[in-house]
Amino acid sequence: MDGKTKQAGAVAGVKHIRNPINLARLVMTQSVHVMLGGSGAEEFALEQGMPLISNRYFDTDKRYNSLLKAKKKLKALSDKSVTTKDYQANYRQLPPNYKMGTVGAVAVDKFGNVAAATSTGGMTAKRYGRIGDSPVIGAGTWADNGSCAVSATGHGEYFIRYNVAADICARVQYQGKSVQQASEEVIFGPMFKAGGTGGVIVVDPQGNVALTFNTKGMYRGWRVQGQPTQVEIFAAASQK
Ligand code: ASP
């Protein structure tokens, strides 16, 4: 999403696109739509000269093992449960570290233009066809020069229901909150109390940055031009 023009593009349910954000950008600039899904999105990619790649390109041992581990855990939960064999109920109980793996970026240029992008494989062992928050403009991704840019990671269903990215920016815009305060209110607010785990990276047109999460850690890095890149994984002791 481009915070200057408020144009946005997204793709969901694609299986053969090497760099989905590039395709999302083409949806934004070369179509009249905001979101394309599944085979229609891939047909659009071909029309735009973007090659489809084998789905095997995305296979990694690490992720395959995460899937096996998650399935094993789901089976154990289902065997243990006398009240429910229900996949949904058991899936809800899977600890967050079984499920996450999103990559996001927010940026601001010297003119105060902000932008955000988010890419994900979704949550491990999710239902076939499930779409999370990452491509949902307002939930997992948002940018507006009048407030800030946000990219989110976490349990997407909660981020959609609490409209997390847009809510943070609305607090900045209408309540004059800092990105730090606004993101803490949302990430540790009613969504967290309802069971929603995850975090956000946020930047405003002045270059203020917030990296806020309610989990033990969130891989994150940030850089101001001319200064060294900073990288962190876990929460500061004061945040735990
Ligand atoms: N937010 C992503 C989703 O729900 C998962 C993640 O952040 O890893 O699909």
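Axes here are lines fitted to C-alpha atoms, for helices over the stretch in contact, and angles run from 0 to 180 degrees between N-to-C directions. Helices (H or I, at least four residues) and strands (E, at least two) are DSSP runs, numbered from the N terminus.

Before you start: this is a predicted model, where local features need pLDDT of at least 70 and side-chain atom pairs count only at pLDDT 80 or more, while totals for chains, interfaces and linings use all residues. Residues are numbered from 1 along each chain as its sequence is written, and side-chain values use heavy atoms, with hydrogens and water left out.

**Exercise 1. Describe how helices H1 and H2 pack.**

Step 1: Find the helices: H1 covers residues 20–30 and H2 covers residues 38–47.
Step 2: Two packed helices are described by the angle between their axes and the distance between the axes.
Step 3: For H1 and H2, the angle is about 75° and the axes are 10 Å apart. That makes H1 roughly perpendicular to H2 (65 to 115 degrees; under 35 is roughly parallel, over 145 roughly antiparallel, and the rest oblique).
Step 4: Look at who touches whom, with contact meaning heavy atoms within 4.5 Å. H1 brings Leu-23, Leu-26, Val-27 and Gln-30, and H2 brings Ala-41, Phe-44 and Ala-45.

**Exercise 2. Work out which parts of the chain the salt bridge of Asp-144 and Lys-6 ties together.**

Step 1: Get the rule straight: a salt bridge is a side-chain nitrogen of Lys or Arg within 4 Å of a carboxyl oxygen of Asp or Glu.
Step 2: Check the pair: the N to O distance between Asp-144 and Lys-6 is 3.4 Å.
Step 3: Place both ends. Asp-144 sits in the loop between strand S5 (141–143) and strand S6 (149–154), and Lys-6 in the segment before strand S1 (10–12), so the bridge ties together parts that are 138 residues apart in sequence.
Step 4: Ask how covered each end is. Buried means under 20% relative accessible area, exposed over 50%, and partly exposed in between (1.4 Å probe, protein chains only). Asp-144 counts as buried because its value is 12%, whereas Lys-6, at 40%, is partly exposed.
Step 5: Spot the extra twist: Lys-6 has a positive phi, near 60°, though this residue is not glycine.

**Exercise 3. Find the salt-bridge partners of Arg-220 and Glu-185.**

Step 1: A search of the whole structure turns up 7 salt bridges.
Step 2: Arg-220 pairs with Glu-232, with the closest N and O atoms 2.9 Å apart. This pair links strand S9 (residues 217–222), home of Arg-220, to strand S10, home of Glu-232, 12 residues apart.
Step 3: Arg-220 is buried at 7%, but Glu-232 is partly exposed at 37%.
Step 4: Glu-185 pairs with Lys-177, and their closest N and O atoms are 3.1 Å apart. Lys-177 is buried at 19%, while Glu-185 is partly exposed at 25%.
Step 5: Zoom out: Asp-167, Arg-171, Lys-177 and Glu-185 are linked in a network of salt bridges.

**Exercise 4. Decide whether Phe-213 is buried or exposed, and place Ala-125.**

Step 1: Phe-213 belongs to strand S8 (residues 209–213).
Step 2: Phe-213 has 2% relative accessibility, so this residue counts as buried.
Step 3: Ala-125 is in the loop between strand S4 (114–120) and S5. Ala-125 is buried too, at 11%, and its phi is positive, near 65°.
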